[in-house]
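Student: I would like to learn how salt bridges are read from a set of coordinates. Could you take me through the idea and then through a case?

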Amino acid sequence: MSTENRTPSGAPGLRWGAAASLADQGVAALTNIAVVVFVARQSTASDFASFAVVYAVFALLLGAATAYVGQALVLRRGPEAELRLHCRVSAVFTLAAAAVIGAALSLVTAALAALGPGGGLSRGLAALGLVLPLLLTQDAMRYAFSLLGRPHHALGADLLRLAVAVPVLAAQPYGAGPGRTVAAWGLSALPALLLSAALLAAATRGAGWGDPRALLGRRHLGRRFLVEFGVGNAASQLAIVALGLFASPPAVGALRGASTLFGPMNVLFNAATGFGPPLLARFPGAGRQARAVAGAGGALAAAGLAWALALLVLPDRLGRQLLGDTWDSAAHLLPATGSQYAAMAMGTCGLLLLRVLNPRATLPVQLVFSALSVLCLLGGYAAGGVLGAAWGLCVGSAAKAVAVWLRGALELRLTPG
């Protein structure tokens, strides 16, 4: 949704705002990639497998927070004073909710560890609970700055986070363990959080304080977005977490390592989703919009396959510098993961077209084919281990892409002109 009618006076221009938003998205993605790479390099395969499960839990909680708070926040409209108030309320709500969820996660994990053998996984989850308020609140402020027309503030905070996280993780000794690693990673977000809080306080000066409990109301848009996230993304994340908890943590480490190598593709997917709708609006007619989206999907799919080919010919020595001991298991998954990302490219662009033509059409597709992807993941693992799981994810993504484009073709027939 365009922010031109919501941007306060004195904010950067539209082009600079778009460039800063894209750069911030890239920096945030680079930080996540750097975290996984540094942890993989300085961990044993067993420790990284435990960290991968913890990271999957974090990704699940971050996605839920983004859907419930961030996506609803950037759709706010109204006078500038109200927008500033909404930003403050959303930040306070995220901090409080993350503190409650984090405390519960730490207490439950500690209780389970007391009843069982414990280990690196339990220590990693306990540490995640302690640092969760820092991580989620700092991310939530990125959406507040977007609503206020100040994406350069978010970019500055994320650059600081990257600058702190890399040396902090690099300073950890080899084999430090998931608990210490997760704690160091989470605490490295504190300077960026403090900077974001100071910038947000300055940008919302005089806005007053609202009641954060308003975000628990039945009319809050975040409820709908949370359902869509649960249908589209959380199901597969939960399946991966279950795979690590009940079947094979090393399988999760291999899958996480392989997907981390495709981090640049995720940046392109997010950019297409975020900036696609206003760009498509410039094309007259649904037919031209569909052709533009199909061309973008083909280009992204080709880029994904080319990236996979480049990784396949990467020398093992360089691969181990990226992922450490996890490289050997992740390298075997590259053909499957590369094919999956090519399918995801077409599916992402197909969903973009559906959102432009008929936003209500995306939820049924997400519901059916996200469940299918989970079945393909688990069935693939049962049939062929971690390699089977990777190909199962690929099959699920391909099926979803086909369904999205078939539904898009139907919507094109129903769209006038």
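Tutor: Let us begin with one pair in this predicted model: Asp-139 forms a salt bridge with Arg-142, and their closest N and O atoms are 3.0 Å apart. This pair counts because a side-chain nitrogen of Arg lies within 4 Å of a carboxyl oxygen of Asp, and by this rule the count comes to six salt bridges.

Student: Where do Asp-139 and Arg-142 lie in the chain?

Tutor: Both belong to helix H4 (residues 120–147), where they are three residues apart, about one turn of the helix.

Student: Which residue besides Asp-139 does Arg-142 pair with in a salt bridge?

Tutor: Arg-142 also forms a salt bridge with Asp-158, with the closest N and O atoms 3.1 Å apart. That pair links distant parts of the chain, since Arg-142 is in helix H4 and Asp-158 is in helix H5 (residues 151–170), 16 residues apart.

Student: Why are Arg-142 and Asp-158 classed as buried?

Tutor: Buried means under 20% relative accessible area; Arg-142 is therefore buried at 17%, and Asp-158 is buried at 3%. Asp-139, like Arg-142, is buried.

Student: How is the pair Arg-320 and Asp-328 to be read?

Tutor: Arg-320 forms a salt bridge with Asp-328, the closest N and O atoms being 3.0 Å apart. Here Arg-320 is partly exposed, with a relative accessible area of 39%, and Asp-328 is partly exposed as well, with a value of 38%. Returning to the earlier residues, salt bridges that share partners join Asp-139, Arg-142 and Asp-158 into one network.

Technical notes
Residues are numbered from 1 along each chain as its sequence is written. This is a predicted model: local features need pLDDT of at least 70, side-chain atom pairs count only at pLDDT 80 or more; totals for chains, interfaces and linings use all residues. Side-chain values use heavy atoms; hydrogens and water are left out. Helices (H or I, at least four residues) and strands (E, at least two) are DSSP runs, numbered from the N terminus. Buried means under 20% relative accessible area, exposed over 50%, partly exposed in between (1.4 Å probe, protein chains only).
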